There are 2 protein chains.
Amino acid sequence: MGTIPTMRDVAQRARVSPMTVSRTLRGEGTVGPELAARVLAAVEELGYRHNDWARGLKSGSSSGLVGLVVTNLANPFYAELATGVDRVVSGESLQLLFGSSGDDGGGERRAADGLAARRVEGLVVVPTADDDDFLAQLCHQLPVVTVTSRLADAQADSVTVDDFGGARDASRRLVLEGHERIAFLGLSHASRTGEERERGYLAGQEECGRPRDRARIVTLAADEAEADRQMWRLMSGPEAPTAVFAANNRNTIAACRWVAASGDPLRIIGFDAIRTAGLFRMPISLVEYSAEELGERAGELLLRRIRGGLEEPPRHEAIATQLAHYGAAGTL
Amino acid sequence: MGTIPTMRDVAQRARVSPMTVSRTLRGEGTVGPELAARVLAAVEELGYRHNDWARGLKSGSSSGLVGLVVTNLANPFYAELATGVDRVVSGESLQLLFGSSGDDGGGERRAADGLAARRVEGLVVVPTADDDDFLAQLCHQLPVVTVTSRLADAQADSVTVDDFGGARDASRRLVLEGHERIAFLGLSHASRTGEERERGYLAGQEECGRPRDRARIVTLAADEAEADRQMWRLMSGPEAPTAVFAANNRNTIAACRWVAASGDPLRIIGFDAIRTAGLFRMPISLVEYSAEELGERAGELLLRRIRGGLEEPPRHEAIATQLAHYGAAGTL
DNA sequence: TTGTACGCGTTATCAA
DNA sequence: TTGATAACGCGTACAA
């Protein structure tokens with residue numbers, strides 16, 4: 001009690017050699033029943049537990065670890081992603097090691113370094129900062145899968161959402177519904193996600209013959225309060241939009257908050273799923289996809305590369321989105 | 001490229017001993033500039049990365065790992081809990097290792113075993129099954145903190161929510177609002193959480209002079225569909241309740257779904273916070289607490305025990321709840 | 001300033 | 001069937 005004994009301790013108590021303990025515990029079957037009983041008794045009495053990393057030390061065998069780097073698990077998106085990765089990965093009896101990168105760019109690098117130092121067999125990363133160089137280097141040393149973004153040279157496997165397609169569909173939908181003044185509540189251009197969704201929005205508008213009225217587009221910082229401010233600014237003018245396309249979860253909720261507070265009607269389409277959207281007081285539509293599926297795909301790509309090696313050409317997958325309607329939105 | 005080289009590889013390339021590499025990398029300053037340069041060059045060329053668990057192997061030093069056992073990270077509650085634990089723990093440069101227990105009881109044990117095999121320095125566990133015996137044994141071998149539940153003999157540190165108090169307050173509130181027929185949409189008795197919240201509900205009713213009308217109480221399985229069914233059954237009778245107290249997140253949403261579907265009014269109070277409750281079309285009140293705070297407390301208790309040793313008496317903390325009102329609920 | 005010997009917990013290999 | 005020895009990758013202690 002107090003500390004966990006080693007195999008040597010067990011061996012001493014059972015008056016056998018450590019090898020006999022090892023053989024007994026792994027069920028090699030080449031141990032006499034008498035000694036085996038003594039070993040098992042000693043294990044029980046001492047509360048021995050196997051030491052996995054000492055085992056891994058031997059003959060450079062694998063660590064049995066897979067790393068996951070995200071900014072913030074409290075964000076449901078990352079949490080669901082983690083669940084998906086874990087489901088796939090734990091099926092191969094690999095354990096998930098979490099590296100929180102925080103919001104700053106440097107944290108991402110620190111996190112990945114820390115995981116690599118633990119000799120994870122692979123890494124699932126949601127890149128945030130423009131730290132492509134670092135990841136590009138890392139992916140030559142160990143399997144790396146990027147999620148929601150891909151490296152500039154696409155050297156690492158990646159799983160992304162069809163951000164462009166989903167945004168374009170939503171954008172066109174709003175035009176087809178007859179909205180003349182449509183606002184885009186966008187994201188920082190630092191992220192590929194933000195860029196793609198904005199491109200999709202613009203493409204949708206253009207395809208429907210709308211001029212590039214960039215004045216209506218609002219690009220936001222990561223802040224939630226900022227999203228609220230932009231909504232009020234956007235809606236307070238004389239020619240306020242009749243529809244808003246929000247580029248992510250946070251912005252969608254900000255738009256809904258504006259409707260709830262002002263009481264004015266506003267057609268809202270948002271990117272990212274919201275579990276409780278069906279209970280909202282205002283009808284909304286959402287460009288949805290499964291974060292868990294994203295995680296599963298990432299896990300599968302990672303396993304494939306862990307087995308296949310670093311030399312094979314990188315694979316890139318994209319998962320589709322669905323436009324879902326909640327409340328009375330379907331009838332608009 | 002391909003695999004990560006060892007210190008020995010670097011030493012060979014730089015034509016020095018491994019010790020010189022080690023000293024150079026740790027910046028001991030006792031290495032000649034010439035050799036140091038050779039070492040650094042070799043490190044760069046080979047892409048050497050430090051191996052943390054080989055370091056830890058030496059003289060049984062610490063693993064730098066902390067384990068977290070939860071059933072399902074996709075559940076926002078667990079995800080926020082994980083964030084809280086990670087925040088505290090990563091401050092001490094400890095990394096978080098996940099052990100997903102799945103929903104079956106056996107998984108919990110497997111997960112904890114797997115983490116212990118990795119020699120985590122401590123374990124944060126959200127117990128699900130009645131596997132107290134196992135955990136009670138484990139907590140004599142390494143620091144264990146249980147969350148939302150405490151072991152039968154209270155041998156391990158624990159952080160819980162004031163389930164009883166929060167439920168009692170909500171229960172009384174409904175009576176004070178004048179509701180005569182109040183239903184409790186409860187949880188399985190297998191969990192301490194479910195038991196406590198039901199006890200609190202009953203206590204609140206009794207304190208207000210209400211007889212123990214157990215007929216109204218519905219105990220649910222873990223199923224979401226089951227919650228919906230029970231809501232419909234509950235509300236379809238001739239003397240349907242005018243208020244429902246839902247024992248958790250899932251049940252609260254089921255109650256809201258009933259209101260959304262039927263259009264009938266119903267006073268709802270639910271346990272657990274819901275991020276978007278303010279946007280719901282029906283007013284509700286929630287017994288809230290911060291899952292992240294729960295995680296932080298757990299992390300702090302764990303650190304304290306890691307430092308203080310297994311012999312000190314176990315500590316138990318409970319965090320308070322707040323009753324919050326959303327929509328028009330405050331005016332009811 | 002640099003290198004050698006040893007230990008950490010476990011297992012592969014070979015010897016008894 | 002059992003045990004002794006070496007090895008894994010690194011750090012500590014000591015010797016050169």
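Buried area is the accessible area, probed at 1.4 Å, that two parts lose on being put together, summed over both. The structure open in the viewer is a predicted model, and this tour begins at the boundary between its two chains.

**Stop 1: the interface**

Display chain A and chain B together. Between them they bury about 5,100 Å², with 54% of this area on carbon and sulfur atoms. The contact involves 60 residues of chain A and 61 residues of chain B.

**Stop 2: charged and polar pairs**

Next, select A:Arg49 and B:Asp113. Their side chains form a salt bridge, with a distance of 2.9 Å from N to O. The count of salt bridges between chain A and chain B is 4. Across this interface there are also 32 residue pairs in polar contact, both residues being at pLDDT 80 or more.

**Stop 3: the face of chain A**

Now hide chain B and colour the elements of chain A that touch it. At least two residues each come from helix H4 (52-57), helix H5 (76-90), strand E2 (95-100), helix H6 (105-117), helix H7 (132-138) and helix H11 (249-262). H5(A) gives the most to this side of chain A, with 7 residues. By class, the side of chain A that touches chain B comprises 28 nonpolar, 21 polar and 11 charged residues.

**Stop 4: the strands that join the chains**

Restore chain B and select E2(A) with strand E2 (residues 95-100) of chain B. The two strands run antiparallel and are joined by 3 bridges. For one point of reference, centre on A:Leu96, whose bridge partner in E2(B) is B:Phe98.

**Stop 5: the whole sheet**

Extend the selection outwards from this pair. The result is an open sheet of 12 strands with mixed pairing, in the order E11(A)-E5(A)-E4(A)-E3(A)-E1(A)-E2(A)-E2(B)-E1(B)-E3(B)-E4(B)-E5(B)-E11(B). At its edges are strand E11 (316-319) of chain A and strand E11 (316-319) of chain B, each of which pairs on one side only. Neighbouring strands of the sheet are turned by 20 degrees against each other on average, direction ignored.

Within chain B, select strand E3 (residues 122-125) and strand E4 (residues 144-147). These strands run parallel, and 3 bridges join them. B:Val125 stands opposite B:Thr146 in E4(B).

**Stop 6: a helix across the sheet**

Finally, return to H5(A). This helix lies across strand E1 (65-70), E2, strand E3 (122-125) and strand E4 (144-147) of chain A, together with E2 of chain B. H5(A) runs at about 170 degrees to E1(A).

Notes:
Residues are numbered from 1 along each chain as its sequence is written. Chains are lettered from A and ligands numbered from 1 in the order in which they are written. This is a predicted model: local features need pLDDT of at least 70, side-chain atom pairs count only at pLDDT 80 or more; totals for chains, interfaces and linings use all residues. Side-chain values use heavy atoms; hydrogens and water are left out. Contact means heavy atoms within 4.5 Å. A polar contact is a pair of N or O atoms within 3.5 Å; within protein, one must be able to donate a hydrogen and the other to accept it, and residues adjacent in sequence count only if both atoms are side-chain atoms. Helices (H or I, at least four residues) and strands (E, at least two) are DSSP runs, numbered from the N terminus. Ala, Val, Leu, Ile, Met, Phe, Trp, Tyr, Cys and Pro count as nonpolar, Asp, Glu, Lys and Arg as charged, and the others, Gly among them, as polar. Two strands pair if DSSP finds at least two bridges between them. Axes are lines fitted to C-alpha atoms, for helices over the stretch in contact, and angles run from 0 to 180 degrees between N-to-C directions.
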